[in-house]
Amino acid sequence: SVDGELDVPTVSVREAEVEHGRIAIEALTAVEVRAGTVEQLSSLDINELPQQLVLKTTNPILLAYRYVNAQPPFRLGLKITRHKEIGVQVAAIERADYKSLVTRDGLAVTTARLMVRNSRRQFLRLALPQDSEVWSVFVDGKPEKPAYATENNGTVNGANHIDKGGKSAVLIKMINSARGFPVEIVYATPVKQIEGLGTLSSAMPRPDMVVTHSRWDVFLPAGPSYQALDSSLDLLIAGRPVNPRRIQREALATASDALRAQMGQPLRINVPTQGIQFAFEKLYANQSPEEASFAVRFVSPGASRASLVASALGAVLVWLGIAGLAGSRIRLPRRAAVSSLICGLATLAVTLGYLGTGPVLPSAVTLLLAAVWGVWAAADRGRRWRENRLLMQD
């Protein structure tokens, strides 16, 4: 704020017999203006000001006065209070669509399509997952060369261009347009290889503009089984195989782009959609303190077959332990029977619960063992009954 008053400078003609005029007050910044000292001036309605004067202003007129020749001369003092301006969004992303294809060899290729509205921003800063490599960028349908974000001293953030939070910061030059225009970026990120069993995790890019609606389609390799999905986003589709006809259409589009590239046009990279689809969405995803990401546990076909055999073995151990503890003809020490029962239950818990093995085979083995044991127990009871009867007859 400004202490005291600010006298408004005025212009007058010396030795003029008649002099009159109008004064209008306009604020160009976020300040509060109030009238302080008002001498030899009369208030004036804004509509009474000359049109030529009103047209020269770019902001609303706050105060207006009229003056005429007067002794002593007129005087106008203003009390000005400066307020802190609040930053508002000058650019926003109405919708962000991401599509990621994950290969068995540990590569995730992502296409990001952002619908941007921009009034004054020069660059879009996009934080990509660590070690990501940008393949192509298009802004409003035209190719654009991105740049890595730099510090104030002009050096890139670390040897691998890593931004705060462990992500690669990329700058994309924007255009000023009140209508929405698309920004497309294709990048590749190394991820965990899909072999054996393990957990695959990935994160969405994080733009430095407000994103209203985000959707992320992830396509994982077909063959492995996926379970225990964990994500900070809302799940839309879980484990849906992709229609092969859709792949053929995109292959034709890729061939058309390759032909245009041979004719000297910029190359637009299309990422195919095949495998097992997972889809996520969230409103204002980049405004949440929690990173927009997902993690899913996978089991390869080889590991799945091994776990299936292990689950059948677990069922055998369970029934072996039950038979040993039930006092049947199967002679097992009590400690061995208890150990067999515990190991069988632990094996079934790991294979069915953690590895996601199907319950069909262990259930079939369980029913078969139960039926064999039932038939054997009935036959044994019948044999004993006949022996007892013969002894009674003798």
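**Exposure and cores in a predicted model**

Modeller: In this predicted model, L197 has 46% relative accessibility and counts as partly exposed.

Biologist: Why is L197 called partly exposed?

Modeller: Buried means under 20% relative accessible area and exposed means over 50%. The value for L197 is 46%, so the residue counts as partly exposed.

Biologist: Where is L197 found, and what makes the nonpolar surface patch?

Modeller: L197 is found in strand β16, residues 197-203. The patch is made by L197, V350 and Y354 and covers about 280 Å². Patch residues need over 30% relative accessible area, and L197 at 46% therefore meets that cut-off.

Biologist: Which residues touch the most other members of the largest nonpolar core?

Modeller: They are I172, M174 and V183, in a core of 40 residues. Strand β7, residues 91-102, supplies the largest share of this core, with five residues. A second, separate core has 13 residues, including V33, L41, Y67 and F74.

Biologist: Why is V33 called buried?

Modeller: V33 belongs to the second core, and a nonpolar core is a set of buried residues, so V33 must lie under 20% relative accessible area.

Biologist: What does V183 touch, leaving aside residues up to four places away in sequence?

Modeller: Its partners are A112, R113, L114, V116, L124, F138, V139, I172 and M174. Contact means heavy atoms within 4.5 Å, so V183 has heavy atoms within that distance of each of these residues.

Biologist: How many of the 394 residues of the chain count as buried, as a percentage?

Modeller: The share is 35%.

Conventions: Residues are numbered from 1 along each chain as its sequence is written. This is a predicted model: local features need pLDDT of at least 70, side-chain atom pairs count only at pLDDT 80 or more; totals for chains, interfaces and linings use all residues. Side-chain values use heavy atoms; hydrogens and water are left out. Patches are made of residues with over 30% relative accessible area and no salt bridge: like charges are joined within 9 Å, nonpolar side chains (Val, Leu, Ile, Met, Phe, Trp, Tyr) within 5 Å. Accessible areas come from the Shrake-Rupley method with a 1.4 Å probe; for residues, only the protein chains shown count as cover. A salt bridge is a side-chain nitrogen of Lys or Arg within 4 Å of a carboxyl oxygen of Asp or Glu. Helices (H or I, at least four residues) and strands (E, at least two) are DSSP runs, numbered from the N terminus. Buried means under 20% relative accessible area, exposed over 50%, partly exposed in between (1.4 Å probe, protein chains only). A nonpolar core is a set of buried Ala, Val, Leu, Ile, Met, Phe, Trp, Tyr and Cys residues joined through side-chain atoms within 4.5 Å.
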